[in-house]
Amino acid sequence: MRDLKFVRYSAVLLGLVVLCTKARNRFCPLCTKECCIVLTRSKPFWGQFWGQIRETDSDLHRSNKCTALVSLRNMNVLILRYTLDNQELAEIEKILESLSAQTAAEIEYIKYDFDTLAELDFIFARAFFARSYKGTEPIFNTDGIVDIRQGRHPLLEKHTVVPVDIKLGEDYNLLIVTGPNTGGKTVSLKTLGLFSLMGQSGLHIPALDGSRLTVFDDVFADIGDEQSIEQNLSTFSSHMSNIVYILNHVTHGSLVLFDELGGGTDPVEGAALAIAILSHLNDMGVRCMATTHYSELKTFAMSTPGVENASCEFD
């Protein structure tokens, strides 16, 4: 029984190692005073195997130096199990190969079914959303007119959200919104942009029947603080980077949204810059909505054709 050097490099032993490692608790009790294969913990068998044949005793178990102890009289059973496992894996591979070949032959039909199911899933998701938020189908026009009646931002609690009315593009193209902090200016701004994108995506909007939307070529927004230490951008310069991009890409059919236009710098200079930007957009006939705290912009809206003041109140 000691002359077992052939086991050290056999492929069967590699499978035996795997099985023995998994079955440590099962075979260790059989090792008392028997010749066993000892897989030492200090030399794992991945990629290369080191095996030892030695007499075992109770000290070996207590020293916890082995990963697995397997009685040699159980080797035939383990080899048979290893062989059956390999046969099972080979059969599984054959079945999967056959199924893959059958599937590949029908790939065009599978793609068509997948696209159809995705479209149906999107339709049902839109219907579920519209029903949960009591959405309505917006009326689209090609005149650039937006008339949102009692619009409710879908991310706010539907039972407590305060509805807003927003009109744009009929009597005026620019809407300047003023009001106190936490009064709802930015929410109104986001509601207009979100409803425009929702409508153009085929979604109903959480608003009253008869609300009107138009199709925009692009929706541009400069909202929030995009300060970046990595890019060496201050609050003001980050806003200006966005505004420069917007002015370079805006068209007559675009919607532009500004939150606190001209903020982050000296109030006088910021107000003058904001008036210059809004005047340029007004001359282009662009639909634009901007929020502000500057009194100069309120005066600009009152004295400029095509520009209107709006307000949000804090309750």
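**Backbone, cores and salt bridges of a predicted model**

Residue K134 is found in the loop that runs between helix α5 (107-132) and strand β4 (139-141), where helices (H or I, at least four residues) and strands (E, at least two) are DSSP runs numbered from the N terminus. The model is a predicted one, in which local features need pLDDT of at least 70 and side-chain atom pairs count only at pLDDT 80 or more, while totals for chains, interfaces and linings use all residues. Residues are numbered from 1 along each chain as its sequence is written, and side-chain values use heavy atoms, with hydrogens and water left out.

The phi angle of K134 is near 55°, a positive value in a residue other than glycine. K134 counts as exposed because its relative accessibility is 69%, given that exposed means over 50% relative accessible area, buried under 20%, and partly exposed in between (1.4 Å probe, protein chains only). A positive phi, of about 55°, is also found at Q150, although this residue is not a glycine. Q150 has its place not in a loop but in strand β5 (residues 146-151), and with a relative accessible area of 31% Q150 is partly exposed. As background, most residues other than glycine have a negative phi.

Taken as a whole, the protein has nine helices and twelve strands, and 36% of its 315 residues count as buried. Among the contacts in the protein (heavy atoms within 4.5 Å) that have a separation of 6 or more, 72% are made by residues 24 or more positions apart.

The largest nonpolar core, a core being a set of buried Ala, Val, Leu, Ile, Met, Phe, Trp, Tyr and Cys residues joined through side-chain atoms within 4.5 Å, has 22 residues, and those with the most contacts inside it are I176, V256, F258, L261, L278, L281 and C288. Two or more residues of this core are given by each of the strands β7 (174-178), β10 (254-258) and β11 (287-291), and likewise by each of the helices α7 (235-249), α8 (267-284) and α9 (295-303). Helix α8 supplies the largest share of the core, namely five residues. For L281, when its neighbours within four places in sequence are left aside, the residues in contact are L174, L247, V250, V256, F258, V286 and C288. Another core lies apart from this one; it has 20 residues, with I148, L192, I205 and L257 among them.

Helix α9, one of the elements that contribute to the largest core, has L297, F300 and A301 as buried residues. These residues lie on the same side of α9 because they cover an arc of only 95° around the axis, the arc being that of the directions from the helix axis to the C-beta atoms. On the other side of α9, in contrast, M302 and S303 are exposed. The cover over the buried residues of α9 includes strand β7, helix α8 and strand β12 (307-311).

Three salt bridges are held by the structure, each being a side-chain nitrogen of Lys or Arg within 4 Å of a carboxyl oxygen of Asp or Glu. In one of them, the side chains of D147 and R149 meet with an N to O distance of 3.5 Å. D147 counts as buried, its relative accessibility being 6%, whereas R149 is partly exposed, with a relative accessible area of 37%.

The side chain of D147 also meets that of R212 in a salt bridge, at 3.9 Å from N to O. This pair links distant parts of the chain, since D147 lies in strand β5 and R212 in strand β8 (residues 212-214), 65 residues apart. R212 is partly exposed, and its relative accessible area is 25%. A further salt bridge joins the side chains of E170 and R212, at 3.4 Å from N to O. Here too the pair links distant parts of the chain, with E170 in the loop between β6 (164-168) and β7 and R212 in strand β8, 42 residues apart. At 52% relative accessibility, E170 counts as exposed. Through salt bridges that share partners, D147, R149, E170 and R212 are joined into one network.
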